[in-house]
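Biologist: Could you take me through the ligand site in this model, slowly please? I'd like to hear what surrounds the ligand, and then how the helices that supply some of those residues are packed.

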Amino acid sequence: MHILLMGPPGAGKGTQAVRLVKQYNIPQISTGDMFRAAVKEQTPLGIEAKKYMDAGQLVPDSVTVGIVRERLSKDDCKAGFILDGFPRTTAQAVALDAILKDIGISLTAVVNLNVPSDELVKRISERARLENRDDDKPETVQKRLTVYEESTKPLIDYYRNSGLYVEINGLQDMEAVYHDIVKALEK
Ligand code: ADP
């Protein structure tokens, strides 16, 4: 199971990824989590990434692709993975294709969680209250949604005709979303 989980900020990718990890016993590879860990440890990568994250912008492709390449080359990815939050630009998607080719892996499915933007704003503000993430401030949230629309949403077209693309209604409750994802994966 080499799964790509896509969707706007607040769509519920992280929540679903955690359940898929348990179900299929494969690692979750979240570029957002990797960057947050680097920020916390104040590594050079973290210091660089934080500038972009706090502004609601994407970390540059060269940096992001580098960490993903390194992570996907580890042995635990051979049997499967859930890529959560990567790719987010067309350049990242092209780079991912090359990485996968190099390591001899092909994707099983590209799962897109579809949630309208008014609902996303509601969900992210709720999360801001609970988790206190630096990038969940209202002005940053708006920026992240704009970046999604401009840079990431076009990726739907990149994958739509691949035969791997599945769209899931992310407005349903968590359980129903999960059920739909598993159903699509096991088809
Ligand atoms: P969300 O999906 O809620 O926006 P993430 O945890 O996936 O949150 O990402 C948080 C931030 O980390 C992003 O706003 C961006 O700055 C950075 N980031 C994560 N993944 C990528 C990526 N693939 N490319 C560039 N930047 C990324």
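Modeller: Sure, let's start at the ligand: 19 residues surround it, and the closest are Thr-31, Arg-36, Gln-57, Gly-85 and Gln-92 (a residue counts as near if one of its heavy atoms lies within 4 Å of the molecule). Before going on, keep in mind that this is a predicted model, where local features need pLDDT of at least 70, side-chain atom pairs count only at pLDDT 80 or more, and totals for chains, interfaces and linings use all residues. Residues are numbered from 1 along each chain as its sequence is written, and side-chain values use heavy atoms, with hydrogens and water left out.

Now for some polar contacts, meaning pairs of N or O atoms within 3.5 Å. The side chain of Arg-36 has an N or O atom 2.8 Å from a ligand oxygen, and the side chain of Arg-127 has one 3.0 Å from an oxygen atom of the ligand. Gly-85 uses its backbone instead: an N or O atom there sits 2.9 Å from a ligand nitrogen.

Just along the chain from Gly-85, Phe-86 and Pro-87 are joined by a cis peptide bond, with omega about 0 degrees. Pro-87 belongs to the loop between β3 (81–84) and α5; helices here are DSSP runs of H or I with at least four residues, and strands are runs of E with at least two, numbered from the N terminus.

Gln-92, one of the closest residues to the ligand, is also among the α5 residues that touch α4, together with Ala-95 and Ile-99, while α4 offers Val-65 and Leu-72, among others (contact means heavy atoms within 4.5 Å). Helix α4 (residues 61–72) and helix α5 (residues 90–103) pack at about 25 degrees, with their axes 10 Å apart. Axes are lines fitted to C-alpha atoms over the stretch in contact, and angles run from 0 to 180 degrees between N-to-C directions. So α4 is roughly parallel to α5, a label for angles under 35 degrees.

Arg-127 also has a part in helix packing: it is one of the α6 residues touching α7, as are Leu-120 and Ile-124, with Val-141 and Leu-145 among their partners on α7. Helix α6 (residues 117–131) and helix α7 (residues 138–152) cross at roughly 135 degrees, their axes coming within 11 Å. That makes α6 oblique to α7, the label for angles that are not under 35, over 145 or from 65 to 115 degrees.

Conventions: Polar contact = N/O pair within 3.5 Å; in protein donor to acceptor, adjacent residues only side chain to side chain.
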